[in-house]
Structure formats: structure tokens, C-alpha cells
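This report walks through the fold, the packing and a few backbone details of one protein chain. Please keep the sequence and the structure in view while reading.

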Amino acid sequence: MNAGRGASGRDDGRYGESLFRPGQAGEGERIDFGALAYDDITLARLRALGVGPGWHCLDVGAGTGTVSRRLLREAGVASVLAVDRDVRFVGGGLQVPGLEVLEADVTAPGFVSGRFRLVHARFVLMHLPERERLISALAGLVAPGGVLVLSDAVDLTSDETPDTPYATAMRAMWQGLRAAIGTDVSWVPSYPRLLREAGLGSVAAEIHVPPLLPGSAISRFWAETWERGRAAMTATGLVDDEAVDEAVRYLGSGECAAVSAGMLTAWGWKHDGAAAPGPGA
């Protein structure tokens, strides 16, 4: 998740610098809560696309490396190059055959060389500027017959959403993150069009929304995210510390009645002149 530079281009405006620092106590656990909420969905989609034995894969913004390791362990891929701007969490303290770890910034030209049958990035591009350029660059790393798979958050709150403690906190979070590090999820529904414009075909997309249940991985992820983003949230004027505390309590209570942000996953194939690949290809 920590793969590049924030919208300001300054060190104080980068994901992983001014907010969500890898060295901050508990940051690895926060990322793992997100992995627990989304990894099964991600792996199911990748396997449905045919990812499996013989595939060489690139996992961009690998975070704690859970997807990279599961691709090797469960999908049986040949290799995974896991890239992150800070790789301290990626290996999980394990020596995993087939896993190569590279510390690099995805926004840098030529950050990685080679071509891969799968290029995957989850919760990365939403934090970065020059998104169209980066999607085009990632598409260029896909080998003929391969697939680019991108996942990012979609905000499901709206002006009609009831003003629960959760909804208020989420509005403040998105606004605060955008001001602090350039996070912008408003364009994520444009992924299919952007993949098509990057020259990929057989483009499709889906959304998964994990249920907000007391003690669930996604509820704990949002609570931890709000704690670490508290200063950015309160700077918006939409919430104060008491409102953030109330939202955290609300998430952990049986009174919570809300819809989490969704994860939109979109994919596109680099055709090699043959028929479009399908499930099990």
C-alpha cells in the first residue's frame, strides 16, 4: 500500500510519511486488518481470471505481502515480485520460495523491468497523482496474454446518507486524506475506461462491500485508520476528537448500521492476437 508519492510531491505529503508511517507502532497490524477483510475476495478474483501455475506476477504496493504469499502458496504461481516503497512487512518474516522483494517507488520511471502475466495493485493508485500515466505504465508491464488487475476504494456515502457517527467520520476521513496526502477515490469508477484507454481489452469490473460487524476485520481496520488519520480528520472541521472517539465506539457496538466503503476491482487483458482468455485460462 506504500508505493509512491502523495499529490503534493513533498515528503510531508506522502502516504507513509505524514500519515500511515510503517515505523509507527501497529501499522503492520492495521494493514493486516485490511488484508483479512479483502484478501479472500482478491484471491478468488485472481484465480477466476486463471492466475495459477506458470504465471510470473508483479504485486505493486504489496503492503504486508499477504497477497504475494497466497499467490505462491494457494494459486501455485511460478514467481511473485512484490514491490513497495517500504518493504519491512512484505516477507512476513518468512523465506518464501518464488517470492522476490523489491523496494521501489511506483511513480519513478522504470521502477521495475520485465513483463509479467499478472500485474496487480490494490489500494495504491488512489493515493497517487498522475493516475492515468501510472495505469498506462502498469499496462506496459503486462506480457502478451496477461492481465492488469487494479483495486481501490469507492466511497458509498452520499448527501442522502444518514448522519451516523460512522458516516460523519468517513466524510472527514476522505476529505482529510485528500488534503493531507492527495488521496482521491472519486475517479476510481473510471477504471474500466482508463484500462481500455491504456490499450487493454476484455475489460470488466466488480465491487465488494464487506459487512460492518462489531469486531470484524473491516471495522477494526477503519477504527485504526481513523486513529492514525485523526489529525487530518479534525483539520477538516467536520469532526473533533470527541466525534472520532464516538465513531470508533459506534463501529464496535451493536448499534452500528452503516455501509462500508467498497473495493472496486477492474481488470483488462493484453491480447496477443488469440481469443480473449477466460476463467481457467
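Which residue takes a positive phi just after H4? In this model, which is predicted, that residue is Gly 182, with a phi of about 85°.

## Helix H4

Helix H4 covers residues 165-181, and its length can be checked against its residue count. The expected span is 1.5 Å times one less than the number of residues, so the 17 residues of H4 should span 24 Å, and the end C-alpha atoms are indeed 24 Å apart, which agrees.

The buried residues of this helix are Tyr 166, Ala 167, Ala 169, Met 170, Ala 172, Met 173, Trp 174, Gly 176, Leu 177 and Ile 181. Among the elements that cover them are strand E5 together with the helices H6 (217-228), H7 (230-235) and H8 (241-251).

## Nonpolar cores

The largest nonpolar core holds 62 residues, and within it the residues with the most contacts are Leu 125, Leu 138, Trp 222 and Trp 226. Helix H4 gives the most to this core, contributing eight residues. A second core of 22 residues lies apart from it, and includes Leu 43, Trp 55, Ala 75 and Val 147.

Trp 222 offers a view of how distant parts of the sequence meet: leaving aside its neighbours within four places in sequence, Trp 222 is in contact with Tyr 166, Met 170, Met 173 and Trp 174, and also with Leu 212, Leu 251, Ser 260 and Ala 261. Of these partners, Tyr 166, Met 170, Met 173 and Trp 174 are among the buried residues of H4.

## The sheet and its helices

Seven strands form an open sheet with mixed pairing, in the order E3-E2-E1-E4-E5-E7-E6. Strand E3 (99-103) and strand E6 (201-208) stand at the edges and have a single partner strand each, so one side of each is left without a neighbour in the sheet. On average, and with direction ignored, neighbouring strands are turned by 15° against each other. The edge strand E6 pairs with strand E7 (residues 262-269) in the antiparallel sense over six bridges, and Ile 207 has Leu 264 in E7 as its bridge partner.

Helix H2 (residues 66-75) packs on this sheet, where it touches strand E1 (56-60), strand E2 (79-84), E3 and strand E4 (116-122), and its direction makes about 180° with that of E2. Helix H3 (residues 131-139) lies across E1, E4 and strand E5 (142-154), and runs at about 145° to E5.

## Positive phi outside glycine

Most residues other than glycine have a negative phi. Glu 130 has a positive phi near 50°, and this residue lies in the loop between E4 and H3. Its relative accessibility is 49%, so Glu 130 counts as partly exposed, because the exposed class begins over 50%.

Ser 202 likewise has a positive phi, near 50°, but Ser 202 lies in strand E6 rather than in a loop. With a relative accessible area of 33%, Ser 202 is partly exposed.

## Cysteines

How many disulfides does the model contain? Counting pairs of cysteine sulfur atoms within 2.5 Å, the total comes to zero. Buried means under 20% relative accessible area, so Cys 57, at 1%, is buried, and Cys 256, at 15%, is buried as well.

Note on methods:
Residues numbered from 1 in each chain as written. Predicted model: local features only at pLDDT ≥ 70, side-chain atom pairs only at ≥ 80, totals over all residues. Heavy atoms only, no water. Core = buried A, V, L, I, M, F, W, Y, C linked by side-chain atoms within 4.5 Å. Buried < 20%, exposed > 50% of the residue type's maximum accessible area, 1.4 Å probe, protein only. Helix = DSSP H or I, 4+ residues; strand = E, 2+ residues; numbered from the N terminus. Contact = heavy atoms within 4.5 Å. Pairing = 2+ DSSP bridges. Axes fitted to C-alpha atoms, helices over the stretch in contact; angles between N-to-C directions.
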